[in-house]
Amino acid sequence: MNLELDELPATIRDVAIAMQGLNNCPPEMTVPVILSLMSYAVQGRYEVDTRHFGNRPLSIYTLVVAESGQLKSEIFKMLAKGGIEFERDQRAVYEALRAHHVAELTVWEDQKKDASKEKDPLIKRRLLSDLERHKPVAPKDIRCIFENPTYAGLINNLELSHHSTIIMSPEAGTFFGGHAMKSDDVRQQFFGNLNKLWNAERVERTTSMGRQDLYGRRMSMLLMTQESTIREFVNDRLVEDMGLAARFLISI
């Protein structure tokens, strides 16, 4: 992929030029990173007007190929710093909200126990029904950035957190070689849902504990890796058959 800086929007161009001056890295390495982070920041709030195919979800999966010594970690750290620090700063707020929810839930459970002791069945049913309608709602988990999530962990987080998340890593070998990729059955489910999340389609997961159905969830991916890792990924028969690689913007 060859990028002409003059053809880029001013904001992206200025950052790419600054990164080239600081780290001597070409825009082909930094622009996909910038696009992924911008996508993550606004996905779920905006969609893309494709003109010919209507409005579509804004999701970007990127694979940036960079060999050892090309400062992958440094580039990643500089560009992703804002999102990582924002999530870290929100942790204290979330913990306070969670503590408040636990206190509210304790009171609610005591009220439910008292209602269950009511002798009159009509009054009991009404009390329990009212309590169910007013059950305290847990705050959304603020964790939205992952480096090497398991399939189950990612789906659980999308159910409990906000509707938007991102998988990003400066060393994507840890993701491709992680626990989520070990079992063929799990890999097939994981890849299938990555395809669906790219397009904000319904995602489902069935376990012995029950069924999860998620709607309108959005996800971006930003993975930086060496050529040997990406070759193994794109040549994977399952990846090819499921069309996952076609959803990635691959920059070499």
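I will talk through the sheet of this predicted model, the helices that pack on the sheet, the largest pocket, and one loop residue.

Let me begin with the sheet, which is open and has 5 strands, paired in parallel and arranged in the order β4-β5-β8-β3-β9. At its edges are β4, covering residues 145-146, and β9, covering 248-251, and each of these pairs on one side only. If we then look inside the sheet, strand β3, at residues 61-65, runs parallel to strand β8, at residues 218-225, and the two are joined by 5 bridges. As one example of this pairing, Val64 has Met224 of β8 as its bridge partner.

Turning to the helices, helix α7, which spans residues 184-198, packs on the sheet and touches β3 and β8, with its direction making about 115° with that of β8. Helix α3, which spans residues 72-116, lies across β4, β5 (164-169) and β8, and runs at about 155° to β8.

Helix α3 also brings us to the largest pocket, whose volume is about 490 Å³. Which element gives the largest share of its lining? That share comes from α3, which supplies 7 residues, while the elements that give two or more residues to the lining are α2 (27-42), α3 and β5. In total the pocket is lined by 19 residues, and those that lie nearest its centre are Tyr40, Ala41, Arg45, Phe86 and Cys144. As for the character of this lining, its residues divide into 11 nonpolar, 6 polar and 2 charged.

Finally, I would like to look at Asn199, which has its place in the loop between α7 and β6, the latter being residues 203-207. What does Asn199 contact, once we leave aside its neighbours within four places in sequence? On that basis Asn199 is in contact with Arg56 and Pro57, and with Arg56 there is a polar contact between the two side chains, at 2.8 Å.

To recapitulate, we have an open sheet with parallel pairing, helix α7 touching β3 and β8, and helix α3 lying across β4, β5 and β8 while also giving the largest share of the lining of the largest pocket.

Definitions and conventions:
Residues are numbered from 1 along each chain as its sequence is written. This is a predicted model: local features need pLDDT of at least 70, side-chain atom pairs count only at pLDDT 80 or more; totals for chains, interfaces and linings use all residues. Side-chain values use heavy atoms; hydrogens and water are left out. Two strands pair if DSSP finds at least two bridges between them. Helices (H or I, at least four residues) and strands (E, at least two) are DSSP runs, numbered from the N terminus. Contact means heavy atoms within 4.5 Å. Axes are lines fitted to C-alpha atoms, for helices over the stretch in contact, and angles run from 0 to 180 degrees between N-to-C directions. On a 1 Å grid over the protein atoms alone, a cavity is a set of points where a 1.4 Å probe fits but cannot get out, and a pocket is an open set with protein on both sides within 12 Å along at least five of seven lines; lining residues have an atom within 4 Å of a point. Grid points are joined across faces, edges and corners, and a volume is the space filled by probe spheres set on the points. Ala, Val, Leu, Ile, Met, Phe, Trp, Tyr, Cys and Pro count as nonpolar, Asp, Glu, Lys and Arg as charged, and the others, Gly among them, as polar. A polar contact is a pair of N or O atoms within 3.5 Å; within protein, one must be able to donate a hydrogen and the other to accept it, and residues adjacent in sequence count only if both atoms are side-chain atoms.
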